[in-house]
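Reader: I'd like a close look at one part of this model, and I'm happy to go strand by strand. Could you walk me through one sheet and whatever packs around it?

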Amino acid sequence: VLINASDRFLERVRLQESIVTEVPPRIASISAFLAGTNITFICGTVISLDADRRCIRVAAEGREQDITFGEAIYALGSRVDVDGVPGAEAHAYRLEAIEGPRSPSALRTRLRENAGRPIRVVTVGGAETAVEVAGEIKTAWPNIEMTMISSSRCGGFKGARVENAIRTELARLGVRMIDNETVTEVRSTELATGSGQTVPFDICVWSGGLRSPPLATEAGIATDARGRILVDPNLRSTSHSHVIAVGDAAHPVAPTGAPYRLSAFVAIASGAYAADLILAREAKRQPNPFSFSTFGQGMAIVRGGVGFASL
């Protein structure tokens, strides 16, 4: 059984492109994609998990149902963390799988409605997502006053050479960068900072970190401070071995070869390993511990980008 809140497959690594134009999904219908297989697809939302009783409750098509399981692969990923700063959830747009007034599609509509006007847009964060947001918006609408604000240095997440390349490109586009300034509150038309400054805006995009949904923690599964399930060398929960966690929802307690980071690449690698783990159990063979390697990492800045070694 595969459960997902949408019948469409969301490609998160391309969400920044959706700021400018709608991105056609690679899989327009998961149910159609799985037709003819022995996989049952449920388009619904998991509202509770009982890890001890091996049971989940799912809301789908206006009703709730309980599904029991022998093993579960927990692949709920991560969401933009707006819980720690007052006003962020109410006033900031986010690049994630949400609908409604703060969704990527709502942001695209708002920007298009203001095309041609010198509005002020601020993105909070200094890492990959914030860089991609700033680049997409400033390239599509050059007259926008685009600002990045970060508690460290904008673009300063992978050494001096990478930082210099990122900042050079952002400066060429005309993006203003505010370094070493912590946002303490998001108001309807301005940000408040830890140093007592205010940064006015017409549109705010929150790119300041990720955390996993609270479902696993609420179920009593061992998790870290960001809600990720603590997993052993086989990606099984350290507290409930019948739960396998992958992608952004997992926090390995053992070495994984390359650094385990929140990313689509690691989600693909760990997801493939989880499938092999199930097949190994069926074949009664002992699986190797999860381990993977990577040559580098890439980040888009509109049509260009920056590539660098991951180690």
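Author: Let's take the open sheet of four strands, whose order is β10-β9-β8-β14 with parallel pairing. Keep in mind that this is a predicted model. At the edges sit β10 (176-178) and β14 (203-206), and each of these pairs on one side only. From one strand to the next, the twist averages 20 degrees.

Start inside the sheet, with β8 (120-124). Is β8 mostly covered or mostly open? It's mostly covered, with four of its five residues buried. β8 pairs with β9 in the parallel sense, and that pairing runs over five bridges. If you want one to click on, go to R120, whose bridge partner in β9 is E145.

Now move over to β9, residues 145-149. Besides β8, strand β9 pairs with β10, again in the parallel sense, this time over three bridges. Here a good spot to look is I149, which stands opposite I178 in β10. While you're following side chains along these strands, a handy rule is that in a regular strand they alternate between the two faces of the sheet.

Next, the helices. α4 (residues 128-140) lies across β8, β9 and β14. How does α4 run relative to β9? The angle is about 175 degrees.

The other helix to look at is α5, residues 160-173. α5 has 14 residues and reaches 20 Å from its first C-alpha to its last, close to the 20 Å expected at 1.5 Å a residue. Its buried residues are V162, E163, I166, R167, L170 and L173. Why can you call that one side of the helix? Because these buried residues cover an arc of only 120 degrees around the axis, they end up on the same side of α5. Note that E163 and R167 are in that buried set along with the others. Turn the helix around and the face away from the buried side carries the exposed residues A160, R161, N164 and R172.

What covers the buried residues of α5? The cover includes β9 and β10 from our sheet, α4, and also β19 (296-301) and β20 (304-309). So much for the body of the helix; its end is worth a glance too. Just after α5 comes G174, which takes a positive phi of about 95 degrees.

For contrast, have a look at another sheet. This one is an open sheet of three strands in the order β11-β12-β13, with antiparallel pairing. β11 (183-186) and β13 (198-200) are its edge strands; each has a single partner strand, so one side of each is left without a neighbour in the sheet. The twist in this sheet averages 25 degrees from one strand to the next. β11 and β12 (residues 190-193) run antiparallel and are joined by three bridges. Within that pair, V183 stands opposite T193 in β12.

One last stop, if you like single residues: S237, in the loop between β16 (229-231) and β17 (243-245). S237 is buried, with a relative accessible area of 2%. Leaving aside neighbours within four places in sequence, S237 is in contact with I221, I229, L230, V231 and V243. As for its own polar side chain, a polar atom there lies 3.1 Å from the backbone nitrogen of S239.

Definitions and conventions. Residues are numbered from 1 along each chain as its sequence is written. This is a predicted model: local features need pLDDT of at least 70, side-chain atom pairs count only at pLDDT 80 or more; totals for chains, interfaces and linings use all residues. Side-chain values use heavy atoms; hydrogens and water are left out. Helices (H or I, at least four residues) and strands (E, at least two) are DSSP runs, numbered from the N terminus. Buried means under 20% relative accessible area, exposed over 50%, partly exposed in between (1.4 Å probe, protein chains only). A polar contact is a pair of N or O atoms within 3.5 Å; within protein, one must be able to donate a hydrogen and the other to accept it, and residues adjacent in sequence count only if both atoms are side-chain atoms. Contact means heavy atoms within 4.5 Å. Two strands pair if DSSP finds at least two bridges between them. Axes are lines fitted to C-alpha atoms, for helices over the stretch in contact, and angles run from 0 to 180 degrees between N-to-C directions. The expected span of a helix is 1.5 Å times one less than its number of residues. The arc is that of the directions from the helix axis to the C-beta atoms.
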